[in-house]
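Work through the exercises below with the sequence and the model open. Try each task before reading its solution.

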Amino acid sequence: MALTLYVDTARWRAHQQSVLQQFPGLVPVCKGNGYGFGHERLADEATRLGADILAVGTTYEAARIKDFFSGDLLVLTPFRHGEEPVPLPDRAIRSVSSVEGVGGLVGARVVIEVMSSMKRHGVKPEDLPKLAAAIEDVRLEGFAIHLPLDRADGSDAVEEVIGWMDQLRSARLPLHTMFVSHLKADELARLQQQFPQTRFRARIGTRLWLGDHDATEYRGSVLDVTRVAKGERFGYRQQKAASDGYLVVVAGGTSHGVGLESPKALHGVMPRAKGVARAGLATVNRNLAPYVWAGKQRWFAEPPHMQVSILFVPGDAPQPQVGEELVAHLRHTTTQFDRLVDR
């Protein structure tokens, strides 16, 4: 009895190929929990795609993935002086976001991140004169720019990249490779046409692995079903049942990421109103669970336990049976499955 991730493998891989065709030379990204699939699986898929580089989040991830992927490993988290040294092979490439960082990686392979409108990290235009001298002591693999997902001010992502290309060129820095994130296929094509001597490589994770929502599905096994009457007490906190119904114990708890939800940016009046309504219900211990039964998303009977969740199904709904599986709407990047099944 498990929380299972089912993958329509043929469909999933067909989507990967469609993304690869739109972004030739793309760099697959495998970070965090491997977008819900795990590092080993995504390393295998990247090899199937013929990728020569796999981008990972941290040096610790690179140390784990190096045994599953034989190509280069691009570490996306920038190098910082004083960080814990992690033994990595020469095929590891470090990201750097400052002149000082470049100076701390003498002889290493590096990609230099420039400061985008994200304003997260990166070298600034005023750093470029010093950077020209600093790169003589490293093996420069290229520059990189990480762009925002939304542009509320109506600005053009391509123009932002062009602006940096012009500044790098004016500083007489080598422009053989530029790694980019969050560009559309047509935007990448525009850049490649304008700068034919530069190879633009898109770093892609979410769109590559999670772009086809119907290719994957989480399901939790029903472990136990207990009938309860209105007013009957149950659970750790001995709450009273609001009405007659069933307590349904289903695989998937906090250790799987069930009940864990990352904050969302809400746009528009209706999404905000729904968010306020959910928050109001939570104050009276009413929280919607990710599990679906008989066509409806059900409520948690109480907060999820470590490995299971208890749902309340009202008495007028069909009674779930032990061994059945409930579809679960879970976020891939925060979920840890018990097993993965290709079908």
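Three exercises follow, on salt bridges, a buried acid and a cavity. The model is predicted: local features need pLDDT of at least 70, side-chain atom pairs count only at pLDDT 80 or more, and totals for chains, interfaces and linings use all residues. Residues are numbered from 1 along each chain as its sequence is written, and side-chain values use heavy atoms, with hydrogens and water left out.

**Exercise 1.** Find the salt-bridge partners of R201 and E113, and state where each residue lies.

Step 1. Apply the criterion: a side-chain nitrogen of Lys or Arg within 4 Å of a carboxyl oxygen of Asp or Glu. The whole structure holds 19 such salt bridges.

Step 2. For R201 the partner is D52, with the closest N and O atoms 2.7 Å apart. This pair links distant parts of the chain: R201 is in strand β9, D52 is in the loop between α2 and β3 (53-56), and 149 residues separate them. Helices (H or I, at least four residues) and strands (E, at least two) are DSSP runs, numbered from the N terminus.

Step 3. Check burial, where buried means under 20% relative accessible area, exposed over 50% and partly exposed in between (1.4 Å probe, protein chains only). R201 has 4% and is therefore buried, whereas D52, at 39%, is partly exposed.

Step 4. E113 pairs with R203, and their closest N and O atoms are 3.5 Å apart. Here too distant parts of the chain are linked, E113 in strand β6 with R203 in strand β9, 90 residues apart. E113 is buried at 5%, and R203 is buried at 6%.

**Exercise 2.** Which side chain of opposite charge is nearest to E61, and how far away is it?

Step 1. Locate E61: it belongs to helix α3 (residues 59-65).

Step 2. Count Lys and Arg as positive and Asp and Glu as negative, leaving out His and the chain ends. The nearest side chain of opposite charge is R64, 4.7 Å away, and the buried E61 has no salt bridge.

Step 3. Look at the backbone: the nitrogen of G57 lies 2.6 Å from a polar atom of the E61 side chain.

**Exercise 3.** Which residues line the largest cavity?

Step 1. Define the space: on a 1 Å grid over the protein atoms alone, a cavity is a set of points where a 1.4 Å probe fits but cannot get out, and lining residues have an atom within 4 Å of a point.

Step 2. List the lining: E113, V114, M115, S116, M118, K119, R120, H121 and H146.

Step 3. Place M118: it sits in the loop between β6 (109-114) and α5 (128-134), and is partly exposed at 33%.

Technical notes. 1 Å grid on protein atoms, 1.4 Å probe; cavity = no way out; pocket = protein on both sides within 12 Å on 5 of 7 lines; lining within 4 Å. Polar contact = N/O pair within 3.5 Å; in protein donor to acceptor, adjacent residues only side chain to side chain.
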